[in-house]
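Me: Could you take a close look at one part of this model for me? I'd like to hear about the side of one chain that touches the other, and about the chain that carries that side.

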Amino acid sequence: MPGSIIAQMAVSGALMGLVYALIAYGFQLTFATSKSVNFGQGELVMVSAFFSLTLITLGLPYLLVIPLGLLFGAAVGMAVERTGVRLALEQRSEGWILLTIIIGLFLFSFAENIWGRDDRPFPTPIPSTPFHVLGVDVTPLEVSVLVGVLAVMGMIELFKRRTLLGKAVEAVAADRDAAELMGISATRTIVLSYALSGGVAALAGILVSPITTVGPTMASALVLKAFSVAVVAGLESGFGVVVIGLFLGALESLASFYLGSGWREAPGLLLLILALAVRPTGVFGKAVIRKV
Amino acid sequence: MKTFLAALLCALAAPALAADTVKIALTGPFSGGSAPMGTSTRDGSKLAIAEINAAGGIQVGDKKMKIEVIERDDEAKNERGALIAQELASMPDLAGVIGSVNTGVVMAGDKHLQEKGITKIICPAAGSASLTQWANKVGPPPFEGPKTLSIFRFAAHDGIQGAMVVEEAIRLGFTKVAIFFDSTNYGVSGRDDLLNQIKAQGNKLEVVATEKWNIGDKDMTAQLLKAKAAGAQGILIWGIGPELAAIANGKAKIGYNVPLIGGWTLSMSNYIDNAGANGNGALMPQTFIEEKGISPKIDKFISDYHATYKVDRIPSPVSAAQGYDAVLIFAEAVKQAKSTDSRKITVALEDLKTPVKGVITTWNKPYSKWDPANFETHEAFRRPQVVMGKVLDGRVTFSNPADRDRLKAQAAK
């Protein structure tokens with residue numbers, strides 16, 4: 001098989017893998033501060049995409065739709081934290097697992113009733129006619145995924161390292177009790193992390209929709225893969241999710257090419273089992289010694 | 001107490017009133033990926049029903065009876081289809097069923113209707129298996145079909161469509177083609193029809209790639225690259241709208257400019273809309289083209305549909321037209337049977353005395369007595385009622401202008 005086809009498959013797959021990485025990054029953000037994740041993250045991706053689509057059909061320009069979509073995602077993220085996570089965390093229970101799943105199901109029915117069950121195209125001014133780079137066809141849409149994902153992750157990482165608020169987030173992530181003794185409100189930091197996570201999910205929705213269309217079930221497959229990426233990479237490393245996301249995406253499309261499209265998901269799942277068996281903290285994760 | 005008794009009497013009397021209507025169930029997917037076909041069939045059928053009811057109803061024996069509609073959404077899910085069929089089969093006064101888009105749903109549900117002898121016109125599901133499941137098979141294992149069958153089809157079955165698709169590919173001068181299909185009953189039976197047809201038409205086409213996908217798949221790059229690498233000059237394809245659109249878009253992405261030739265589903269609005277400009281040039285057999293100027297009856301049907309449902313394009317014109325004509329044929333059978341009893345309607349359908357003027361054509365004895373050795377006895381469509389359509393800028397037009405002239409001449413007669 002000629003090398004150009006392998007390169008084409010790997011590049012197309014890797015660019016989709018970046019979307020998994022972005023959603024996985026959303027899991028990391030909330031896990032760092034609160035040791036909880038939103039199991040309804042996929043639905044958050046989906047409602048944000050639908051919301052943005054509605055804005056576009058109302059005639060708003062694309063460049064205005066992106067920030068509004070992100071704000072919507074952030075608001076929904078905060079709502080999830082308030083209704084599904086905070087009480088459970090205060091009671092030191094694992095109730096957030098079930099509550100976030102339930103909120104996700106609610107968002108799903110909400111979307112079905114408001115926007116219907118059909119897949120719809122998501123118009124964007126970014127063209128989808130491919131151009132040729134190093135023997136590989138790439139569309140500007142795929143490049144927009146690359147740029148969007150790296151820009152937003154870079155901005156959040158800078159925010160965490162350079163600003164006072166960001167440092168508070170890092171402090172709570174490192175040691176919640178010590179941070180509270182220093183006068184940092186852990187609760188507010190967690191709210192912030194859920195808002196960021198929601199914004200990231202919304203961006204994932206806006207970036208992927210023009211490629212895959214928008215529908216209530218659009219994110220169910222995406223979010224499963226994002227979980228794999230988060231677990232394989234480890235729940236600490238932002239750099240790790242990008243690497244693993246690219247790798248998993250490329251692996252998937254090569255598998256569907258060589259083994260047949262029915263085997264597309266198999267290597268990802270094998271990778272997940274392997275990672276859990278060999279490095280349960282993730283490839284880029286650090287083993288944490290928990291003091292009792 | 002008196003009022004209570006009166007109310008009770010009224011309640012008991014209600015079923016007697018219901019017997020003064022002809023109850024027809026319209027089923028199909030009114031939501032999900034197959035919805036354009038399901039809703040168009042339903043809405044086309046309801047246009048015909050509204051016209052019949054406005055004229056006072058169907059003449060059944062010595063009285064006129066209006067049509068009462070029961071709607072059920074099967075969501076294109078086989079298990080929902082089975083449940084709905086069971087429910088309908090248990091209704092004592094149901095005259096018949098019109099609908100079903102998905103071959104899997106037909107396979108799951110129709111046995112319940114056949115058991116009770118309830119007349120069903122499958123419309124517009126095209127998968128061959130919907131009727132061949134009742135026909136004799138040589139085996140292994142050998143199968144002997146039932147002597148009587150209450151299931152009819154009103155759609156160009158995939159046998160006809162497969163033949164036309166292969167003909168078209170040969171006409172375009174192709175020698176190497178790829179076969180693409182989805183993993184549903186519809187896709188798999190479509191693939192078989194294509195392979196059989198290629199053999200039947202003299203093995204002029206070499207199948208260089210055979211690829212499939214699942215419902216909901218968005219990324220078809222792998223399948224397309226294989227077809228491209230193998231040098232396929234055209235893709236013969238069997239699937240439904242959203243995934244067909246994903247393939248058209250994927251084709252544009254990898255710069256693989258060959259036509260899609262496939263089942264009539266390439267005319268679904270969710271293919272045309274989701275593929276946009278990438279969808280142009282797709283070829284598919286059609287029983288109806290949404291184009292005015294062929295005959296006054298067709299013009300009226302299109303205008304009525306647009307006005308009643310407030311659209312400027314029928315989501316699936318083929319489905320709407322077939323739903324419309326199926327109701328007219330069913331009503332004629334009720335009239336001839338002089339009864340709302342399904343078994344009598346089945347007999348009447350098998351020997352319809354009066355030609356029915358529909359929007360697709362004038363139906364002259366569309367069905368004949370069921371013969372398990374020949375499933376075409378319960379198929380209404382033959383090759384001449386089907387034309388090749390082509391997607392062009394968001395609409396389906398005639399691929400071959402000669403077909404338009406032929407239909408015009410036929411309508412003028």
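Reply: Let's start with the yardstick: two residues are in contact if their C-beta atoms, placed from the backbone, lie within 7 Å. This is a predicted model, where local features need pLDDT (the predictor's confidence in each residue, from 0 to 100) of at least 70, side-chain atom pairs count only at pLDDT 80 or more, and totals for chains, interfaces and linings use all residues. Residues are numbered from 1 along each chain as its sequence is written, while chains are lettered from A and ligands numbered from 1 in the order in which they are written.

On to the interface: 23 residues of chain B are in contact with 21 residues of chain A. On the chain B side, strand S8 (206-213) and helices H8 (221-229), H9 (241-253) and H10 (269-275) each supply at least two residues; these are DSSP runs, numbered from the N terminus, with helices being H or I of at least four residues and strands E of at least two. H8(B) gives the largest share, 6 residues. By class, that side has 7 nonpolar (Ala, Val, Leu, Ile, Met, Phe, Trp, Tyr, Cys, Pro), 7 charged (Asp, Glu, Lys, Arg) and 9 polar residues (the others, Gly among them).

How far to trust it? The model scores ipTM 0.72 and pTM 0.77. Chain B has a mean pLDDT of 89, with 95% of its residues at 70 or more. Residues 13-18 of chain B stay under 50, and the model has 1 contact beyond four places in sequence for them.

As for the rest of chain B, it has 14 helices and 15 strands, and its C-alpha atoms fill a box of roughly 80 × 50 × 45 Å, taken along the principal axes.
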